[in-house]
Amino acid sequence: MAGSSPKLGGAAPRRAGRAAGLAAALALTSAFVALSASLPADSRSRAFASSATADSSRRSLLLAGTAAGLGAAASPGLAGANAYNTDLRTLKEIDPTGKKIPASSSEDFQKAVVKIKEIANRTDFAIKRLRMDRYMDLDIDFAIVASSTPWLESGVNPILRDVRKAFEVIIAAAPEGPVRQDVQRLGVLADAQFYTILRNKALSAPAGTPALGFGLLREGDTTFAKLQVQIRTFTNILEKVVEYCE
C-alpha cells in the first residue's frame with residue numbers, strides 16, 4: 001500500500017490540471033460566443049459570407065476539371081440547363097426520322113455542318129489507320145495538345161472546341177421542341193465521348209519508341225477493340241446530327 005500512495009498522489013494533480021484546462025477552454029468558447037453576439041448582424045453576415053466565399057472558391061478550383069470534362073461549364077449553350085440535367089437518352093434512343101432543321105441560308109449554319117462532317121471523316125479515317133497499324137500514332141488525328149489548364153477555353157482540345165462551336169450554331173438553328181432537344185443531347189454526348197477517347201491511355205503516343213509506351217496498351221485485343229469502339233461511337237454521334245441538317 002505504501003508503494004501505491006505516490007501514484008494516487010500524482011493522479012490528483014493531473015486530474016486537477018485537466019479540469020483547469022477544460023474550464024479555460026469553456027471560458028474561451030463562452031467569450032467567443034459573447035463577442036460574436038455583440039457584433040452587429042451585418043458584421044457577422046460579412047464574416048460568414050467571406051468564409052463561405054473562400055470555401056466556394058476552393059471547391060470551384062477542385063471541380064473545374066470535371067466540369068470541363070463534361071463540357072457543361074465550357075459550353076453552356078451546347079448542353080442547355082434542362083437538356084443536360086434531365087435528358088439522359090443514349091445515342092440509340094435518339095431517332096432523327098422525320099425530324100429536320102429547316103433549310104437555312106445562313107453561312108454560319110452551312111459552315112457548322114461542314115465542320116461536323118470534316119471531323120467525322122477525320123475520326124473515321126483514324127479508325128482505318130489504326131486497323132492498318134495498331135501502333136499508329138493518333139496524336140495528330142485527335143490534335144493532342146498538352147495543357148496545364150484544360151478547364152480553360154485556351155486549354156480545350158482544338159477539335160472539341162470546333163465541335164462545340166458547330167453544335168452551338170446548329171442548336172440555334174433548330175426549331176424548339178423535339179428537334180432541338182435531340183440536337184442538344186447529341187452535343188452533350190459528343191462532348192463526353194470525346195473526353196472518353198482522350199482519357200484512354202492507349203490513344204496517345206509518348207516520346208520515344210511507341211512499343212515501349214502506349215503500344216503495350218494496344219497489345220491486348222480487348223483494349224485495342226475498346227479504343228476503336230470509342231472512336232466509332234464519337235463518329236456516329238456526329239454523323240447522326242448531320243442527318244438533322246440535310
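This is a guided tour of a predicted model, moving from the whole chain to helix 9, then to helix 7 and its surroundings.

**Before selecting anything**

Residues are numbered from 1 along each chain as its sequence is written. Because the model is predicted, local features need pLDDT of at least 70 and side-chain atom pairs count only at pLDDT 80 or more, whereas totals for chains, interfaces and linings use all residues; side-chain values use heavy atoms, with hydrogens and water left out.

**The whole chain**

Start with the chain in cartoon view, where there are nine helices and zero strands; helices (H or I, at least four residues) and strands (E, at least two) are DSSP runs, numbered from the N terminus. Read from the N terminus, the elements run α-α-α-α-α-α-α-α-α. Of the 246 residues, 34% count as buried, where buried means under 20% relative accessible area, exposed over 50%, and partly exposed in between, with a 1.4 Å probe and protein chains only. Among contacts (heavy atoms within 4.5 Å) with a separation of 6 or more, 75% are between residues 24 or more positions apart.

**Helix 9**

Select residues 221-243, which form helix 9. At 1.5 Å a residue, its 23 residues should span 33 Å, and its end C-alpha atoms are 33 Å apart, which agrees; the expected span is 1.5 Å times one less than the number of residues. Show its side chains next: the buried residues of helix 9 include Phe 224, Leu 227, Gln 228, Ile 231, Phe 234, Leu 238 and Val 241. An α-helix has 3.6 residues a turn, so residues three or four places apart point the same way. What covers the buried residues of helix 9 includes helix 5 (107-132), helix 6 (158-173) and helix 7.

**Helix 5 against helix 9**

Add helix 5 to the selection: the axes of helix 5 and helix 9 come within 9 Å and cross at roughly 160°, the axes being lines fitted to C-alpha atoms, for helices over the stretch in contact, with angles from 0 to 180 degrees between N-to-C directions. The two helices are therefore roughly antiparallel to each other; angles under 35 degrees count as roughly parallel, over 145 as roughly antiparallel, 65 to 115 as roughly perpendicular and the rest as oblique. Helix 5 passes helix 9 in a left-handed crossing, meaning that the near helix is turned anticlockwise from the far one by less than a right angle, whereas clockwise would be right-handed. The residues making the contact include Ile 116, Ala 120, Asp 124 and Ile 127 of helix 5 and Leu 227, Ile 231, Phe 234 and Leu 238 of helix 9. By class, they divide into twelve nonpolar, three polar and five charged, with Ala, Val, Leu, Ile, Met, Phe, Trp, Tyr, Cys and Pro counted as nonpolar, Asp, Glu, Lys and Arg as charged, and the others, Gly among them, as polar.

**Helix 7 against helix 9**

Now hide helix 5 and select residues 178-199, which are helix 7. Helix 7 is mostly covered, with 16 of its 22 residues buried, and its end C-alpha atoms are 32 Å apart, which agrees with the 32 Å expected at 1.5 Å a residue. The axes of helix 7 and helix 9 come within 9 Å and cross at roughly 160°, the two helices are therefore roughly antiparallel, and their crossing is left-handed. Among the residues in contact are Val 183, Leu 186, Ala 190 and Phe 194 of helix 7 and Gln 230, Phe 234, Ile 237 and Val 241 of helix 9; by class, this contact has eleven nonpolar, four polar and one charged residues.

**Helix 6 against helix 7**

Bring in helix 6, whose axis comes within 10 Å of that of helix 7 and crosses it at roughly 175°, and the pair is therefore roughly antiparallel. Here Val 163, Arg 164, Phe 167 and Ile 171 are among the helix 6 residues that meet helix 7, whose side includes Gly 187, Asp 191, Phe 194 and Tyr 195. Center on Asp 191, which is buried, with a relative accessible area of 2%; the C-alpha atoms of Asp 191 and Arg 164, 27 residues apart along the chain, are separated by 7.5 Å.

**Last stop: Asn 157**

Finish at Asn 157, in the loop between helix 5 and helix 6, which is buried, with a relative accessible area of 9%. Leaving aside residues up to four places away in sequence, Asn 157 touches Phe 142, Ala 143, Ile 144, Phe 194 and Leu 198. Its C-alpha atom is separated by 9.5 Å from that of Phe 194 and by 9.4 Å from that of Tyr 195, a helix 7 residue that is buried, with a relative accessible area of 13%.
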